[in-house]
Amino acid sequence: MSLTLAQIAEHINGNVIGDANYIVSTVGTLSNAKSTQLSFLSNPKYKKFLTQSQAGAIIVSNGMAEYVTTNAIEVDDPYVAYAKAASLLHPTEKKLPGIHQSASIDPSAKIGRNVSIGANVVIEQAAIIEDDVVIGAGCVIEHDVIIRKAAKLRPNVTLCFGVVIGERTIIHPGVVIGADGFGIANDNGHWIKVPQVGSVNIGNDVEIGANTTIDRGAIEDTVIAEGVKLDNQIQIGHNVTIGKHTVIAGCTGIAGSTSIGEYCAIGGGTGMAGHINIASGVQLTGMSMVTKSINEAGIYSSGIPVEPAKQWHKNVIRYRQMDKLFDRVKQLEQQTKD
């Protein structure tokens, strides 16, 4: 799609500095963009590329246009503005309504209007597919699943029985929602399965990244509230609840019965123990290990950042010596008191 800078600026609430009639058709990075492309600067460390960029126009913060040698669009938040502009220039492909001849749909399933169902999709009994839903090739929709209006399933998604998917939710390839949670009990040295009789309830406007898994509840449902955004390869255990508009980066693991509040931001590779509570507004930096509840909003970190191996070995040795050092300090304190 080709648009003038004036059209883009109107859409992103920006101000054009330069030729408002200049036309761009795609987006590109500052360092590699061509004259027909739109770019942006949100991270100050890339400011050095402004004078070198061949982009036709660059989205920048208010007051930054003076550093741009081409056209500029000044905005309050360049990254948000870029997201809106990119969506405008690269609209989502729309699937035409229709049901592929290879799809297997149980007669008791209810299919709404303008639904697109791809090749080799399986939809079992009593499933409800509402209007404008898109289901990609190879998806499996088990019995009694409900998919609300305008939800989109990419290829090879599996929704196990009884799962509910909210309106406009996007689910990427390989996602499994509603598999059994890790419920086992030790019976005299033998592990026996604990039936997982809850389900999973996904709210409106959620996005779930590729190969993420969300387990069904043991008794009550696992709940993902509206506006939550999940990255790829996240594991969410049974009976977890995630509050509105929380975002979670890839490879995070959340053990069962943990509750996460609203507007949290969880860094990649984070691990959370089960049966803990995370307050709303908490931010966890990448690779954090959370073993107890966090009751106040704020930024939390754990783990040791990478460093040269020689220094790391020294630090590990010191860490192992901490108990001895602590005992020595206690002895010295006692001697001072005596």
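1. Ile184 first: with a relative accessible area of 36%, this residue comes out as partly exposed. Keep in mind that we're looking at a predicted model. Ile184 sits in strand β22, which covers residues 184-187.

2. Ile184 also has company at the surface. Together with Phe182 and Trp191, Ile184 makes up a nonpolar surface patch. The accessible area of the three adds up to about 400 Å².

3. On to helix α1, residues 5-12. Which of its residues are buried? Those are Leu5, Ile8, Ala9 and Ile12. They lie on the same side of α1, because the arc they cover around the axis is only 100 degrees. The spacing makes sense too: an α-helix has 3.6 residues a turn, so residues three or four places apart point the same way.

4. Worth a glance while you're there: Asn13, just after α1, has a positive phi of about 60 degrees.

5. Now the cysteines. How many disulfides does the model have? The count is zero. A pair would need its sulfur atoms within 2.5 Å, and the sulfur of Cys160 has its closest cysteine sulfur, that of Cys139, 12 Å away, so that's too far for a bond. Cys251 has a similar story: the closest cysteine sulfur belongs to Cys264 and is 20 Å off, again too far for a bond.

6. One last remark on Cys160: is this residue buried or exposed? Its relative accessibility is 11%, and the cut-off for buried is under 20%, so Cys160 counts as buried.

Technical notes:
Residues numbered from 1 in each chain as written. Predicted model: local features only at pLDDT ≥ 70, side-chain atom pairs only at ≥ 80, totals over all residues. Heavy atoms only, no water. Buried < 20%, exposed > 50% of the residue type's maximum accessible area, 1.4 Å probe, protein only. Helix = DSSP H or I, 4+ residues; strand = E, 2+ residues; numbered from the N terminus. Arc of directions from axis to C-beta. Patch = residues over 30% accessible without salt bridge, like charges linked within 9 Å, V, L, I, M, F, W, Y side chains within 5 Å. Areas by Shrake-Rupley, 256 points an atom, 1.4 Å probe, with all protein chains shown as cover. Salt bridge = Lys/Arg side-chain N within 4 Å of Asp/Glu carboxyl O.
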